[in-house]
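The following note is offered to a colleague who will be working from these coordinates. It proceeds by numbered points, each confined to one part of the structure.

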Amino acid sequence: MSLRLGDTAPNFKAVTTLGEIDFYNYLGDKWGVLLSHPGDFTPVCTTEIGRTAQLSEEFKKRNTKVLVVSVDSLEDHNGWVKDINEVANTVVDFPLIADKSRAVSELYDMIHPNASATATVRSVFIIGPDKKIKLVLTYPAAIGRNFQEIIRALDALQLSSEFGISTPVDWKKGEEVIVANSLSDTEAKKKFPKGVRVVKSYLRYTPQPDFE
Ligand code: BEZ
């Protein structure tokens with residue numbers, strides 16, 4: 001059965017390019033982004049993992065650890081990482097899981113047999129410090145993911161978690177956010193001293209609380 005939002009992200013042990021890891025120990029109390037890709041030495045995947053490495057500081061700023069998984073061998077991963085570093089002019093500093101046995105891929109339902117019987121699709125799981133699954137994305141092999149969107153969603157999830165707000169369509173960091181309807185106008189004004197802009201009784205905005 002596939003994993004759904006709010007489910008506990010299952011723990012696992014795995015062999016990776018940074019040694020053997022226990023997933024929960026690796027994450028510690030941080031947020032996690034677990035990415036699968038269809039295969040090593042393939043073009044779209046090379047650009048994706050290169051971009052992830054280029055965004056490494058952005059993930060760190062967000063208290064977030066990244067892991068990548070495919071059903072390739074450790075030997076292949078190690079060879080491919082050299083290519084990625086060269087092509088993207090970067091340093092891959094997060095672990096690539098060598099999931100030859102498919103244990104992790106199957107645990108997270110990353111192999112969709114009607115897309116490919118053998119390779120993982122492009123899955124994204126964002127996992128909170130409470131180890132609950134906060135966001136799931138699934139892309140087919142031919143379509144590279146948008147890592148700016150993954151960072152944007154991470155920002156929105158972290159804001160929502162800290163301040164109980166929601167984010168409107170196409171929200172970007174620094175823009176207004178939406179006040180929860182569970183708050184009365186008086187409670188909202190108290191909680192959000194920067195102000196509350198009422199469009200409808202059920203649609204109230206406030207400036208992003210932690211944005212200077
Ligand atoms: C790619 O990364 O380019 C790719 C991998 C597997 C199937 C199709 C494309």
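1. Is V81 buried or exposed? The model under review is a predicted one, and in it V81 has a relative accessibility of 13%. Because buried means under 20% relative accessible area, V81 counts as buried. The residue belongs to helix α4, which spans residues 74-87. Apart from residues up to four places away in sequence, V81 touches V92 and L96. A98 lies 17 residues from V81 along the chain, and the two C-alpha atoms are separated by 12 Å.

2. On the chain as a whole, the model contains seven helices and 10 strands. Its C-alpha atoms fill a box of roughly 60 × 40 × 30 Å along the principal axes. Of the 212 residues, 46% are buried. Among contacts with a separation of 6 or more, 65% are between residues 24 or more positions apart. The exposed surface of the chain comes to about 11000 Å², of which carbon and sulfur atoms supply 52%.

3. On the ligand site, which residues surround the ligand? They are P38, T42, P43, V44, C45, R122 and A141. By class, this shell divides into five nonpolar residues, one polar and one charged. Helix α2, residues 43-54, provides the largest share of the shell, with three residues.

4. On the polar atoms at that site, two of the listed distances involve the backbone. An oxygen atom of the ligand is 2.7 Å from a polar backbone atom of V44, and an oxygen atom of the ligand is 2.8 Å from a polar backbone atom of C45. The side chain of R122 also takes part: an N or O atom of this side chain is 3.1 Å from an oxygen atom of the ligand. On its own the ligand has 260 Å² of accessible area, and the protein covers 70% of that.

5. On the nonpolar interior, the largest core has 43 residues. Within that core, the residues with the most contacts are V33, F94, Y108 and I126. Which helix gives the most to this core? Helix α6, residues 147-163, does so, with six residues. Y108 may be followed further: beyond residues up to four places away in sequence, Y108 touches L3, A9, P10, F12, F23, L34, F125 and I127. There is also a second, separate core of 11 residues, with A156, V177, L183 and V196 among them.

6. On S70, the residue is found in strand β4, residues 64-70. How accessible is S70, and is the residue buried or exposed? With a relative accessibility of 0%, S70 counts as buried. The side chain of S70 is joined to that of D40 by a polar contact of 3.5 Å. Neighbours within four places in sequence aside, the residues in contact with S70 are H37, D40, H77, I97, A98, D99 and T120.

7. On L5, the position is in the segment before β1 (13-16). Its relative accessible area is 57%, and so L5 is classed as exposed, the threshold for that class being over 50%. L5 is nevertheless in contact with I133, K134, L135 and V136, once neighbours within four places in sequence are set aside. V92, which is 87 residues from L5 in sequence, is 28 Å away from it, C-alpha to C-alpha.

8. On backbone geometry, two residues merit inspection. Most residues other than glycine have a negative phi. F41, although not a glycine, has a positive phi of about 55°. F41 lies in the loop between β3 (31-36) and α2, and is partly exposed, with a relative accessible area of 44%.

9. D109 is the other residue to inspect. Its phi is positive and near 55°, in a residue other than glycine. D109 is found in the loop between α5 (103-107) and β6 (122-127). Is D109 buried, exposed or partly exposed? At 32% relative accessibility, D109 counts as partly exposed.

How values were computed. Residues numbered from 1 in each chain as written. Predicted model: local features only at pLDDT ≥ 70, side-chain atom pairs only at ≥ 80, totals over all residues. Heavy atoms only, no water. Near = heavy atom within 4 Å. Polar contact = N/O pair within 3.5 Å; in protein donor to acceptor, adjacent residues only side chain to side chain. Areas by Shrake-Rupley, 256 points an atom, 1.4 Å probe, with all protein chains shown as cover. Helix = DSSP H or I, 4+ residues; strand = E, 2+ residues; numbered from the N terminus. Nonpolar A, V, L, I, M, F, W, Y, C, P; charged D, E, K, R; others polar. Core = buried A, V, L, I, M, F, W, Y, C linked by side-chain atoms within 4.5 Å. Buried < 20%, exposed > 50% of the residue type's maximum accessible area, 1.4 Å probe, protein only. Contact = heavy atoms within 4.5 Å.
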